[in-house]
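Visitor: Please walk me through this entry, one topic at a time. Short answers will do.

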Amino acid sequence: MLVRAVVAFTADDVARARFAVSPSWQVVTSFRMLARTSTPAPFRTWVEHLRPAVRAAGLDRGWLAELVPTYGYLADLLTPCPPPSGPPDLTAELDVVRATDPDRVRLELDMLAAERAPLDPRRVVALRREPARVLVDVAAEVRAYWDLALAPHWSRIHAVLDADLLHRARQVAEQGTGAVLNELHGTVRWDEGSLHLVRRHCEITRDGTGHGLVLLPNVFVGDAVLTRAVPPEPPQLSYPARGAGTIWGAPEPDRPEALAGVLGRTRTTILRRLDAPASTTALAHELGLSPAGVSGHLTAMRDAGLVRAARDGRAVLYTRTEAADALLST
């Protein structure tokens, strides 16, 4: 059954809307993807290699399996609101998980039980009676899963998430927040101060939540949007990040030779690599080229409107423009 939710926002809420990267969201959605019987094509190799290791570690039958069902509601306590500044930090998010209010823990257990077959009674009793103690174990299991499944790939995952943030920030500057919300996903629409969501399983309410809206790009969410509304925090919306399928190997363009005939093979290769931000040095190392040569190609493509540069601390990172995306998808 499809449920349509209309969530009202004030002008102040829109002014406080922000984008953020959350490691915890990558944990819960990747675990859900791993547990499902069907896997999107770009992730199959990762899933096939990871499943035996997850089973061997017992992570497929632990707390994550209880709190993150394959479909429907998942425990909100696992996705705390990321801070408004600073780099993504799983350790800080797990500190919040361990400090979850006991009444909130019990409410979420009730919500999980209402949507699925009964949970493991021993686990439920333990979590209800001693949430502070048990949440230490939950956080430890999340960390173990992170170290096994995501930490080895985090630099590439983070690069894709950052590239999405750069893209959205540019859209906000050029078109405004409302236009960006309209382009996040086909099930999301912004209209006259309200966010319209077509979601499966459950509704979302703003009752008691804080001001603003936190928008989180997600590599593993698939073709869906997930939401979280836990008072007194601002509501969260986790949406598919652009380029998520490229982390484990970008698909070949339909006519690579034709594009290489126009741009040259090296520039076409560099352009295809820029699904995620990259520096001149990183591109040179990865592609086996000289930094000076890569710099020359990037300068020419920047002048042609195919790449753009943005400073990140001491580094200058390059990404493709929409014009380059259109060329590669032709």
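Guide: A starting point is Pro232, which lies in the loop between β6 and β7. Strands (E, at least two residues) and helices (H or I, at least four) are DSSP runs, numbered from the N terminus. This is a predicted model: local features need pLDDT of at least 70, side-chain atom pairs count only at pLDDT 80 or more, and totals for chains, interfaces and linings use all residues. Residues are numbered from 1 along each chain as its sequence is written, and side-chain values use heavy atoms, with hydrogens and water left out.

Visitor: What kind of peptide bond joins Pro231 and Pro232?

Guide: The bond between Pro231 and Pro232 is cis, with omega at about 0 degrees.

Visitor: On to the sheet, then. What is the strand order?

Guide: The order is β2-β5-β7-β6, in an open sheet of four strands with mixed pairing. Two strands count as paired if DSSP finds at least two bridges between them.

Visitor: Which are the edge strands?

Guide: β2 and β6 (226-228) are the edge strands, each pairing on one side only.

Visitor: And how many bridges join β5 to β7?

Guide: Five bridges connect β5 and β7, and the two strands run parallel. On β5, Leu215 stands opposite Leu237 in β7.

Visitor: How many bridges join β2 to β5?

Guide: Two bridges join β2 to β5 (residues 214-218), and these strands run parallel. Here Phe19 stands opposite Leu215 in β5. Leu215 thus has a partner named in β2, Phe19, and one in β7, Leu237.

Visitor: Is β5 covered or open, and how many of its residues are buried?

Guide: β5 is mostly covered, with five of its five residues buried. Buried means under 20% relative accessible area, exposed means over 50%, and partly exposed lies in between (1.4 Å probe, protein chains only).

Visitor: Which way do the β5 residues point?

Guide: Val214, Leu216 and Asn218 point one way, while Leu215 and Pro217 point the other way, and all are buried. In a regular strand the side chains alternate between the two faces of the sheet.

Visitor: Changing topic: how many aromatic pairs does the structure hold?

Guide: The structure holds five aromatic pairs. Rings of Phe, Tyr and Trp (its six-membered ring) pair if their centres lie within 6.5 Å; planes under 30 degrees apart count as stacked, over 60 as edge-to-face and the rest as tilted. One of the pairs is Phe19 with Tyr239, edge-to-face at 6.3 Å centre to centre and 90 degrees between the planes.

Visitor: Where in the chain are Phe19 and Tyr239?

Guide: Phe19 is in β2 (residues 18-19) and Tyr239 is in β7 (residues 236-240), so that pair links distant parts of the chain, 220 residues apart. Tyr239 is buried because its relative accessible area is 0%, whereas Phe19, at 25%, counts as partly exposed.

Visitor: What about Phe31 and Tyr145?

Guide: They also form an edge-to-face pair, at 5.6 Å centre to centre with 75 degrees between the planes. Phe31 in α2 (residues 23-35) and Tyr145 in α8 (residues 131-150) are 114 residues apart, and their pair links distant parts of the chain. Phe31 is buried at a relative accessible area of 5%, and Tyr145 is buried at 0%.

Visitor: Which residues do ring pairs link into a cluster?

Guide: That cluster contains Phe43, Trp46 and Phe220.

Visitor: Which charged end sits over the ring of Tyr71?

Guide: The charged end of Arg36 does, 4.0 Å from the ring centre. A charge sits over a ring if NZ of Lys or CZ of Arg is within 6 Å of the ring centre and within 35 degrees of the ring normal. Likewise, Arg123 lies over the face of Trp63, at 5.0 Å from the ring centre.

Visitor: Last topic: where does Arg308 lie?

Guide: Arg308 lies in strand β8 (residues 307-312). At 22% relative accessibility, Arg308 counts as partly exposed.

Visitor: How far is Arg308 from His167?

Guide: The two are 141 residues apart in sequence and 11 Å apart in space, C-alpha to C-alpha.
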